[in-house]
Amino acid sequence: MNGARPAWRDRLARLRPSRETGRRVIIVSIPAFIIGYVVTALLFFGGGPRAAVVTVPDLRTLTASRARRTVERGDLVLEVTDSLPNGRIPRGAVVAQTPLPGREVAPETPVRVILSRGPERRVVPAVETYPRKQAERILVATGFRVVVHAVPDARLKGRVVGTLPAAGGTVQMPGTVRLLISAGPPRVAVPPLVGRLRGEAEALLSQAGLRVGTVTAEL
């Protein structure tokens, strides 16, 4: 009885892992545990993986600096491609963009914008040497609205006297230019001269903007 080993003990011994096998399991398990811990930490504390798509924000009417901050927060890139005159949007603000707001794009996608140069201004051309109708056509072709205004002037009635603003000045568009047309010399009242000495009469006429014409004497 003492010399024979029970069969159940042999089977139990075969089921127990050896010390070498245990060490191997421990060596393999430690790196796997470390890798799993690092991945878990990145997921929970590192913000997780980058989003597959990004929604394009609305940049219209924003200043260039504010638009840049907005797209960078959304993991996009701002590109300024051009500038255009615009009377409604302040100078330096975004007029248009592509892709349009609300589109879903990949991270790091460029968002191209066009900035406003502010209201357009145009130079008033010189039209004093032209007849009235031709002067009007020149101003209209330049893009101005034209208002004809008659002013007293020593030049012949109906002649172009000038413009307001004067030639070379600038007007914010859309804008209006006044075309000044001569209404002829101004009419003034002749002062009473009867009974005045000649010198006194000439002085009164000069003060009224008149000059002495033909002088005749009656005896």
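## Helix 3 and what it leans on

The buried residues of helix 3 pack against three strands: strand 2 (77-84), strand 3 (94-98) and strand 5. Keep in mind that this is a predicted model. Which residues of helix 3 are buried? They are A67, T70 and V71. Together they span an arc of only 90° around the axis, so they end up on the same side of helix 3. That fits a general pattern: an α-helix has 3.6 residues a turn, so residues three or four places apart point the same way. Just past the end of helix 3, D75 has a positive phi of about 65°.

## A closer look at T70

T70 sits in helix 3. Is T70 buried or exposed? Its relative accessibility is 18%, and because the cut-off for buried is under 20%, T70 counts as buried.

A polar atom of the T70 side chain lies 2.9 Å from the backbone oxygen of R66. Setting aside neighbours within four places in sequence, T70 is in contact with P57, L59 and L62.

## Two nonpolar cores

L59 turns up again in the largest nonpolar core, which has 13 residues; L59, V111 and V113 have the most contacts inside it. Helix 3 (64-73) and strand 5 (110-116) each supply at least two residues of this core, and strand 5 gives the largest share, with three. As a general point, nonpolar side chains in soluble globular proteins tend to be buried together.

What does V113 touch, leaving aside its neighbours within four places in sequence? The list runs to L59, L78, E79, V80, T81, D82, V94, A96 and Q97. Apart from this core lies another one, of 11 residues, including V127, V171, M173 and I181.

## The three-stranded sheet

Now for a sheet: this one is open, with three strands in the order 7-10-8 and mixed pairing. Strand 7 (145-151) and strand 8 (160-164) are the edge strands; each has a single partner strand, so one side of each is left without a neighbour in the sheet. From one strand to the next, the twist averages 25°.

Strand 8 pairs with strand 10 (residues 176-182) in the antiparallel sense, over four bridges. Within that pairing, L164 stands opposite R178 in strand 10. Helix 4 (residues 132-142) packs on the sheet and touches strand 7, strand 8 and strand 10. The direction of helix 4 makes about 170° with that of strand 10.

Key:
Residues are numbered from 1 along each chain as its sequence is written. This is a predicted model: local features need pLDDT of at least 70, side-chain atom pairs count only at pLDDT 80 or more; totals for chains, interfaces and linings use all residues. Side-chain values use heavy atoms; hydrogens and water are left out. Two strands pair if DSSP finds at least two bridges between them. Axes are lines fitted to C-alpha atoms, for helices over the stretch in contact, and angles run from 0 to 180 degrees between N-to-C directions. Contact means heavy atoms within 4.5 Å. A nonpolar core is a set of buried Ala, Val, Leu, Ile, Met, Phe, Trp, Tyr and Cys residues joined through side-chain atoms within 4.5 Å. Buried means under 20% relative accessible area, exposed over 50%, partly exposed in between (1.4 Å probe, protein chains only). The arc is that of the directions from the helix axis to the C-beta atoms. A polar contact is a pair of N or O atoms within 3.5 Å; within protein, one must be able to donate a hydrogen and the other to accept it, and residues adjacent in sequence count only if both atoms are side-chain atoms.
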